[in-house]
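Thanks for asking me to look this over with you. Here are my notes, in the order in which I would go through the model at the bench.

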Amino acid sequence: METVTQLLHSIQDVGRDDVRGGYSRAVYSTAELDLRSWFVDQAQRRGLDVETDRNGIIWAWWGKPQEGALVTGSHLDSVPGGGAFDGPLGVASALAAVDILKNRGRTPDRSLAITVFPEEEGSRFGVACLGSRLLTGAIDVDKALNLRDADGNTFADTARSNGLDPRHIGPDPESLARIGQFVELHVEQGKGLGAHGPGIAVGSSILGHGRWKLSVHGQGNHAGTTLMADRSDPMVAAAQIIVAVRDAAAGQPDARATVGRLTPVPGGTNVIASRVDMWLDARHPDDAVTARLIESIYAAAQDIAAAEGCSVFLTEESYSDTVHFDPPLSRQIGDILPGVPVLATGAGHDAGVLAGYVPSAMLFVRNPSGISHSPEEYVADEDADAGAVALAEVLGGLL
Ligand code: GLV
Ligand code: MN
Ligand code: MN
């Protein structure tokens with residue numbers, strides 16, 4: 001029997017990023033594959049039966065695989081330079097919760113599975129929650145297979161070289177039917193849980209969010225020989241567009257919009273770029289407001305680009321509506337954990353995708369600074385261990 005803290009300790013060296021700090025555990029990178037092997041080993045040591053489905057989702061079964069099972073889990077991939085907890089905390093807590101239940105002599109009345117979803121962050125192929133979107137059919141299969149990583153590898157080729165058959169990737173109603181209820185434990189990604197009081201919360205909703213690519217096209221040229229007046233520099237347009245994104249979101253209550261990634265092409269110090277690709281992440285509780293925000297950002301971007309002698313193109317890469325978790329399941333969890341606060345989140349999760357198809361819920365564990373997607377993401381040992389006990393209570397109560 002191991003605690004969450006001990007389990008997380010055992011993977012603390014996997015995928016460390018010495019350049020960015022924290023962890024870079026992109027899906028199907030050596031680091032993420034090592035974590036997947038670690039999980040399989042941990043599950044087998046607990047006598048769980050492990051299988052990987054046709055979308056690369058790992059299932060570890062306590063009891064026979066069956067329809068309507070209770071399922072818990074999270075992901076092991078990270079953002080570039082991410083923290084130690086976003087994803088692995090939910091997976092390690094699930095393993096620890098099984099230990100706690102077994103230690104209490106509990107045998108499940110219905111089967112329980114722990115799942116590990118691939119590419120939750122969308123850090124490699126651009127679409128977050130790719131595994132759960134494929135499982136449920138929330139993404140078009142051809143679109144998914146043709147996604148490319150920064151090196152130009154398609155998702156289809158990457159899946160194939162990791163033992164999956166691209167012809168069988170896509171909606172999997174049999175696997176989905178096995179999820180009777182889904183509960184994901186996750187590090188809290190805000191400061192919703194104060195320093196005092198319970199370190200655990202029950203999730204209520206996830207903010208609607210999406211990703212868009214803005215490509216600014218200009219004229220590639222020589223940095224030394226091109227007079228300032230003669231330039232069509234997409235980097236200069238991009239800089240102004242980023243400010244316009246910030247201003248548009250700042251002027252809209254409850255909106256968040258971020259440009260966190262930008263690629264100049266070709267990307268040379270003495271080269272005026274010919275194109276700049278940038279990715280916009282925008283979120284708001286009201287999907288119609290998000291749509292209007294994106295329209296206004298695109299209109300501003302077109303004006304800015306034109307003034308710099310450039311043009312700009314916008315494409316939507318993914319969108320997830322605002323999600324409200326299953327009220328009966330959340331009420332059941334509230335009864336099992338009386339007095340635990342209820343929190344909304346601005347972060348996306350596989351539980352949010354699954355919520356459109358099966359009763360889903362979340363538990364959050366205190367993160368005192370609220371910092372996440374950063375090496376500074378933090379959970380105190382006692383909160384992590386209390387989280388696993390709470391998850392064990394919830395799973396035990398629902399089984
Ligand atoms: C995932 O963590 C997201 O909210 O983008
Ligand atoms: Mn994340
Ligand atoms: Mn996560």
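1. Let me start with a term: a residue counts as buried when its relative accessible area is under 20%. By that cut-off D86 is buried, because its relative accessible area is 4%. Please keep in mind throughout that this is a predicted model.

2. D86 is a good place to begin with the metals. This residue bridges the manganese ion (ligand 2) and the manganese ion (ligand 3), and the two ions lie 3.6 Å apart.

3. Which residues donate to the manganese ion (ligand 3)? They are H75 through NE2, D86 through OD and H186 through NE2, at 2.0 to 2.2 Å from the ion. Along the chain these donor residues follow the spacing H-x10-D-x99-H. H75 sits in strand β3 and D86 in the loop between β3 and α3, so this pair ties together parts that are 11 residues apart in sequence. H75 has a relative accessible area of 0% and is therefore buried.

4. On the other side of the bridge, the manganese ion (ligand 2) has as protein donors D86 (OD), E121 (OE), E121 (OE) and H373 (NE2), which lie 2.0 to 2.7 Å from it. The spacing of these donors in sequence is D-x34-E-x251-H. D86 belongs to the loop between β3 (69-75) and α3 (88-103), while E121 belongs to the loop between β4 (112-117) and α4 (130-136), so the pair links parts that are 35 residues apart in sequence. Both D86 and E121 are buried.

5. E121 turns up again around ligand 1, whose surroundings are E121, R283, A347, G348 and H373. This shell divides into one nonpolar, two polar and two charged residues.

6. Now for the polar contacts of ligand 1. One of its oxygen atoms is 3.1 Å from an N or O atom in the side chain of E121, and an oxygen atom is 2.8 Å from an N or O atom in the side chain of R283. With G348 the partner is a polar backbone atom, 2.6 Å from an oxygen atom of the ligand. Taken alone, ligand 1 exposes 200 Å², and the protein buries 95% of that.

7. Finally, the cysteines. How many disulfides does the model contain? The count is zero. C129 counts as buried because its relative accessibility is 4%, and C310 is buried as well, with a relative accessible area of 10%.

Terms used: Residues numbered from 1 in each chain as written. Chains lettered and ligands numbered in written order. Predicted model: local features only at pLDDT ≥ 70, side-chain atom pairs only at ≥ 80, totals over all residues. Heavy atoms only, no water. Near = heavy atom within 4 Å. Polar contact = N/O pair within 3.5 Å; in protein donor to acceptor, adjacent residues only side chain to side chain. Areas by Shrake-Rupley, 256 points an atom, 1.4 Å probe, with all protein chains shown as cover. Nonpolar A, V, L, I, M, F, W, Y, C, P; charged D, E, K, R; others polar. Disulfide = S-S within 2.5 Å. Buried < 20%, exposed > 50% of the residue type's maximum accessible area, 1.4 Å probe, protein only. Donors = N, O, S within 2.8 Å, 3.2 Å for Na, K, Ca; no water. Helix = DSSP H or I, 4+ residues; strand = E, 2+ residues; numbered from the N terminus.
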